[in-house]
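Here are my notes after going through the model you sent over. I've kept them as numbered points so you can follow along with the structure open.

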Amino acid sequence: APGEPALANPARQQEAGPAPAAAAGGEALPVPHYGQLSVASLRARLRVLDASQVQTLLDYERAHESRPAVITLFERRLIKLAEGN
């Protein structure tokens, strides 16, 4: 329609609150509502993620939020996964 951006995403416009987090490739992050979660909530969700999912979150965190506690959390989880824990 005239006057409307050609690349508008109707689904995103209907959501309340912050836009959903997406990784660099445009795929959704492996943790729903990532940007709204506390460090403790993220820690609790890490147990069910594989190394590639944790790496995706780490890369996103470094690029967007850059919270030292969260980066450390993800780095430690990757080490544990590499050790088979």
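**Notes on the fold and its core**

1. Let's start with the packing around α3: the cover over its buried residues includes α2 and α4. Keep in mind throughout that this is a predicted model.

2. On the overall layout, the chain has 4 helices and 0 strands, so to speak an α-α-α-α pattern when you read along the sequence. The chain has 85 residues, and 24% of them count as buried. Of the contacts between residues at least 6 apart in sequence, 49% join residues at least 24 apart. The accessible surface is about 5,900 Å², with 53% of that belonging to carbon and sulfur atoms.

3. Now the largest nonpolar core, which has 16 residues. The members that touch the most other members are Val31, Tyr34, Leu42, Leu46, Leu57 and Phe74. Helices α2 (39-46), α3 (51-63) and α4 (68-82) each supply at least two residues of this core, and the largest share, 5 residues, comes from α4.

4. Back to α3 itself. This helix has 13 residues and runs 18 Å from its first C-alpha to its last, close to the 18 Å expected at 1.5 Å a residue. Which of its residues are buried? They are Val54, Leu57, Leu58, Tyr60 and Glu61. Looking down the axis of α3, these buried residues fall within an arc of 165 degrees, so they line one face of the helix.

5. Leu57 deserves a click. Not counting residues up to four places away in sequence, Leu57 touches Leu29, Pro30, Val31, Tyr34, Leu46, Leu49 and Phe74. Leu57 is also among the buried residues of α3.

6. Next, have a look at Glu61, which is found in helix α3. Is this residue buried or exposed? Glu61 counts as buried because its relative accessibility is 0%, and the cut-off for buried is under 20%. Leaving aside neighbours within four places in sequence, Glu61 is in contact with Tyr34, Ser66, Arg67, Val70, Ile71 and Phe74.

7. Phe74 sits in helix α4 and is buried too, with a relative accessible area of 0%. Its contacts, again leaving aside neighbours within four places in sequence, are Tyr34, Leu42, Leu46, Val54, Leu57, Leu58 and Glu61. Take Leu42 from that list: Phe74 and Leu42 are 32 residues apart along the chain, and their C-alpha atoms are separated by 9.2 Å.

8. Then the aromatics. How many aromatic pairs does a search of the whole structure find? The search finds 2. In one of them, Tyr34 and Tyr60, the ring centres are 5.7 Å apart and the planes stand at 90 degrees, so the pair is edge-to-face. Tyr34 lies in the loop between α1 (10-14) and α2, while Tyr60 is in helix α3, so the pair ties together parts that are 26 residues apart in sequence. Both Tyr34 and Tyr60 are buried.

9. Finally, Tyr34, Tyr60 and Phe74 form one aromatic cluster. If you want to see how the points above join up, put Tyr34 on screen: this loop residue is on the contact lists of Leu57, Glu61 and Phe74.

Key. Residues numbered from 1 in each chain as written. Predicted model: local features only at pLDDT ≥ 70, side-chain atom pairs only at ≥ 80, totals over all residues. Heavy atoms only, no water. Buried < 20%, exposed > 50% of the residue type's maximum accessible area, 1.4 Å probe, protein only. Contact = heavy atoms within 4.5 Å. Areas by Shrake-Rupley, 256 points an atom, 1.4 Å probe, with all protein chains shown as cover. Core = buried A, V, L, I, M, F, W, Y, C linked by side-chain atoms within 4.5 Å. Expected span 1.5 Å × (residues − 1). Arc of directions from axis to C-beta. Phe/Tyr/Trp six-rings, centres within 6.5 Å; stacked < 30°, edge-to-face > 60°.
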